[in-house]
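Reader: I would like to go through how the parts of this chain meet. Please take the questions one at a time.

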Amino acid sequence: MTLTAVAKSAESPCDAPQLPFEIIGENGQREVFCGLAGIVWLHRKIQDAFFLVVGSRTCAHFLQSAAGVMIFAEPRFATAILEERDLAGLADAHEQLEDIVGRLLGRRPDIRLLFLVGSCPSEVIGLDLSLAAQRMTAKHGVKVLNYSASGLETAFTQGEDRCLAALVAEMPDERPGAGPALLVIGSLPDIVEDQFRRLFAELGISNLAFLPARRSGDLPPVGRQTAVLLAQPFLAETARVLEARGATVLTAAFPFGAEGTTLWLKAAADRWGVDELTFRSVVAPGRERAKRALAGQRELLEGKSIFFFPDSQLEIPLARFVSQELGMVPLEVGTPYLHLRHLAAELPLLPVSARLCEGQDVDRQLDRCRSARPDLTVCGLGLANPLEAEGLSTKWSIELVFTPIHGFEQAGDLAALFARPLRRRDLLGIGP
Amino acid sequence: MKLSVWTYEGPPHIGAIRVVAAMRDMHLVLHAPQGDTYADLLFTMIQRDGRRPPVTYTTFQARDLAGNTGELFKAATCAAFERFKPQALLVGSACTAELLQDDPGGLATALGLPVPVVKLDLSSFSRKENWGAAETFYQIVRGLADPAARPTDREGRRARCNLLGPTGLGFRHRDDVVEVARLLETLGIDVALCAPLGASPADIARIGEADFNIVLYPETAGLAAQWLERSFGQPSIKTVPIGISATREFIKELAAIAGVDAAPALSSDQQRASWWSRSVDSTYLTDKRVFIFGDATHVIAATRVASQELGFKVVGIGSYSREFARDVRAVADRLGLEALITEDYLEVEATIALLQPELVLGTQMERHIAKRLGIACAVISAPVHVQDFPARYSPQMGFEGANVLFDSWVHPLVLGLEEHLLTMFREDFEFNDAKGASHLPVRPEPVAAPAEPVGGDLVWAVDAERELGKVPFFVRGKARRNTERFAAERGVAVITIGTLYDAKSHYSR
Ligand code: SF4
Ligand code: SF4
């Protein structure tokens with residue numbers, strides 16, 4: 001879908017502003033994970049939830065390949081693999097699913113929340129998981145929710161978006177007369193969450209909650225008094241359903257680097273009417289630490305060109321970060337979807353020389369990448385080694401999703417992720 | 001519907017990709033949603049391939065379902081042909097596309113491309129990866145083999161054979177091929193074709209020119225070899241040369257079929273493994289209890305090597321290859337065991353915990369299981385992880401392969417005098433059994449073997465439990481299990497130090 005098509009389609013209520021960038025819309029082969037990938041981090045984040053994918057052997061194999069070996073110990077996810085006979089009769093498939101869920105919950109009494117996760121095959125055969133979820137909730141006394149993470153509907157991080165949107169439906173209404181509350185959405189590593197909690201408290205914002213919460217029972221209330229801050233750029237659907245419940249979504253840059261984190265906190269501070277002086281004194285120590293940490297990496301990265309393949313939707317905020325804070329030069333910034341509204345604070349900070357690309361045609365994009373010969377290419381795992389073999393330096397984009405990168409204290413780590421491939425190249429004496 | 005946490009095999013189209021990724025000048029167009037492109041990383045990350053697998057995915061999305069996904073398939077096929085200019089195209093559907101019933105074969109044929117099109121029917125909802133690889137290789141051979149290709153007159157030329165079966169992501173396939181080719185050279189036999197690994201469609205066309213086939217991996221090449229036997233009258237050698245005795249048998253079969261002298265190959269000075277096994281240090285290998293699990297080929301071969309060439313005691317074997325269950329069961333039978341045929345790693349884990357072997361030979365899954373249970377382990381079969389694609393030459397087949405097996409299976413064990421010293425001076429603060437074998441990294445604290453009461457409510461007296469703690473770690477599991485079984489059989493409710501030693505003497509008869 002091209003940008004214009006996005007802006008015009010029915011689900012796009014926002015007017016696409018005139019952007020000063022060269023923009024390509026591509027519709028060829030996409031080389032991205034499906035939303036099932038989100039389960040790999042979500043099942044760690046929500047400590048009493050279990051994710052049951054209703055899918056094929058492919059889905060199970062994908063999860064296993066994406067999760068690797070790091071979580072071999074009995075994980076809180078599994079796949080109910082559809083077989084020949086399940087395709088024949090939906091009634092039978094429902095019954096079998098009930099059976100599997102019954103046994104699963106019997107074996108894992110620690111599970112407080114079960115997600116039935118829809119996949120491409122379950123969607124194509126029309127298995128109604130929301131109906132199944134309702135029935136099972138009634139039957140087992142454990143909350144059963146459902147969402148789709150199929151490759152037909154979602155790319156990579158959009159799986160988390162769908163999961164959180166499903167949780168929003170379970171959030172209680174805010175009490176009448178409740179005061180203003182801040183809701184931060186997007187799963188963050190616990191340590192980062194705690195850092196933000198301290199900063200918000202110093203700003204005087206103590207009525208604060210995170211979605212997802214570490215325990216499934218800790219869902220915060222939502223309503224007109226709720227202001228929402230996105231910690232991740234890929235949460236369009238979650239933002240939409242929160243707005244439908246009366247919440248206000250704050251427009252902000254994303255908390256990457258010293259500047260990004262400052263702007264992100266500022267959006268909340270302004271909403272709470274925190275005065276400029278207080279704000280500055282609260283953020284100053286963290287901001288200074290971040291800047292110090294970035295200065296070292298900047299020496300190596302300044303002036304280096306960078307090319308982003310579309311993957312997690314973090315691409316635009318990260319391109320902003322590396323150009324604004326590290327002096328890198330983004331050549332092309334690919335993203336699976338361009339959500340203009342949630343990027344409104346980011347796009348103006350991106351150098352106009354960058355080319356934006358929405359969607360993908362991987363072979364053409366590889367052609368452009370080869371002819372641009374960037375100093376660093378950010379891409380998925382399937383492309384990294386082949387590009388290295390062609391002499392390009394790469395950074396796997398998935399690491400940007402699995403590593404703590406948000407906030408002041410992680411700014412240096414984030415920069416190091418971009419610096420390490422280049423440093424290694426120097427160490428090994430590989431020419432440019 | 002079947003609940004699965006970790007799987008030994010992927011879906012059939014992964015098998016198809018393993019075949020095509022091993023070949024040259026062949027391209028697969030796979031009708032599949034975007035998420036299925038994850039398959040690429042198996043090759044580029046796990047196997048460290050420096051090129052993307054030759055696969056184009058149509059990556060249809062929800063909005064395409066309302067329209068015409070068939071058109072999308074045709075467009076993707078044309079674009080792939082234009083860009084990659086393969087000698088032949090392979091087309092098929094992954095699971096989701098199979099439900100759409102677009103008929104990639106028909107659509108691709110209708111395009112009238114100037115190259116052969118091989119179509120796949122992968123039965124994604126009933127079959128698995130290895131079957132997919134075998135079926136794909138079979139369809140490629142059937143579709144591309146020139147029916148007129150026949151061996152030339154044997155007079156005045158060396159015998160020629162095809163090496164069949166090695167694929168991408170196979171366990172040590174790359175090195176096995178080199179080792180077997182070396183051996184064939186010693187015998188004076190030419191390799192006409194190795195496939196799928198390294199073969200182009202044009203090479204496959206000439207498959208009928210060889211005098212006979214060598215089936216290195218029956219899981220992938222068995223089907224194709226059967227067809228070649230029927231259609232071209234090519235006999236196949238089915239002995240898999242893993243281990244010394246199998247290699248010697250393999251050589252003799254080759255010599256017979258090719259009419260050459262086996263002696264030079266049989267007397268190879270590469271055969272160190274048998275002396276290593278006979279040397280006195282290896283006395284300690286005697287009756288080491290080993291559990292073996294993996295694909296059928298490697299399990300059957302490993303069972304033979306473990307029991308006959310290393311003198312281990314095989315206490316259990318099993319395989320996830322249902323297609324070859326019969327062969328595995330037959331091998332188990334001969335050892336008086338019952339084979340465990342399953343795709344459920346939890347079942348494998350339970351069996352290992354119950355048997356308490358001293359060594360596990362398995363896949364990456366068993367490596368994790370063994371680690372959790374604190375048992376030594378070596379990997380012998382796919383599926384494997386990145387660390388099982390070594391940079392060094394490390395075949396499993398032939399005499400050099402036998403050397404590799406000796407090293408890699410014996411290394412994880414505690415050996416020789418050290419075994420005694422650990423027992424004698426178990427309270428030495430630097431050299432004690434909590435530290436594990438001296439040549440191995442610090443042992444992870446084993447997860448206590450699931451204390452499944454053998455017979456009801458057995459209890460260990462505190463001092464007996466303490467005494468058990470003094471038994472060296474590499475036999476502690478066995479001691480615990482034997483004692484509990486001994487106590488249960490005699491209706492002893494509380495295990496005392498006496499029970500422990502009674503059991504010891506009972507089982508050492
Ligand atoms: S936020 Fe994204 S999806 Fe929503 S209207 Fe804007 S561009 Fe469209
Ligand atoms: S893309 Fe669809 S079929 Fe493939 S793994 Fe994802 S959900 Fe399963």
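Reader: What area do domain 1 of chain A and domain 2 of chain A bury between them, and what percentage of it is on carbon and sulfur atoms?

Author: This is a predicted model. The domain assignment places domain 1 of chain A at 33–153 and domain 2 at 181–252. Their centres, taken over C-alpha atoms, are separated by 26 Å. Between them the two domains bury about 750 Å², and the part on carbon and sulfur atoms is 47%.

Reader: Which three residues supply 69% of the area that domain 1 of chain A buries against domain 2 of chain A?

Author: The contact takes eleven residues from domain 2 of chain A and eight from domain 1 of chain A. On the domain 1 side, no other three residues supply more of the buried area than A:Lys45, A:Gln47 and A:Asp48.

Reader: Which residue forms a salt bridge with A:Lys45?

Author: Three salt bridges are found across the interface of domain 1 and domain 2 of chain A. For A:Lys45, the closest N and O atoms of the pair are 2.6 Å apart, within the 4 Å cut-off. The partner is A:Glu193.

Reader: Which helix gives the most residues to the side of domain 1 of chain A that touches domain 2 of chain A?

Author: Five residue pairs are in polar contact between the two domains, counting pairs with both residues at pLDDT 80 or more. The touching side of domain 1 of chain A divides into four nonpolar, one polar and three charged residues. With three residues, the element that gives the most to this side is helix α2 (residues 39–45) of chain A.

Note on methods
Residues are numbered from 1 along each chain as its sequence is written. Chains are lettered from A and ligands numbered from 1 in the order in which they are written. This is a predicted model: local features need pLDDT of at least 70, side-chain atom pairs count only at pLDDT 80 or more; totals for chains, interfaces and linings use all residues. Side-chain values use heavy atoms; hydrogens and water are left out. Domain bounds come from an automatic or database domain assignment. Contact means heavy atoms within 4.5 Å. Buried area is the accessible area (1.4 Å probe) that two parts lose on being put together, summed over both. A salt bridge is a side-chain nitrogen of Lys or Arg within 4 Å of a carboxyl oxygen of Asp or Glu. A polar contact is a pair of N or O atoms within 3.5 Å; within protein, one must be able to donate a hydrogen and the other to accept it, and residues adjacent in sequence count only if both atoms are side-chain atoms. Helices (H or I, at least four residues) and strands (E, at least two) are DSSP runs, numbered from the N terminus. Ala, Val, Leu, Ile, Met, Phe, Trp, Tyr, Cys and Pro count as nonpolar, Asp, Glu, Lys and Arg as charged, and the others, Gly among them, as polar.
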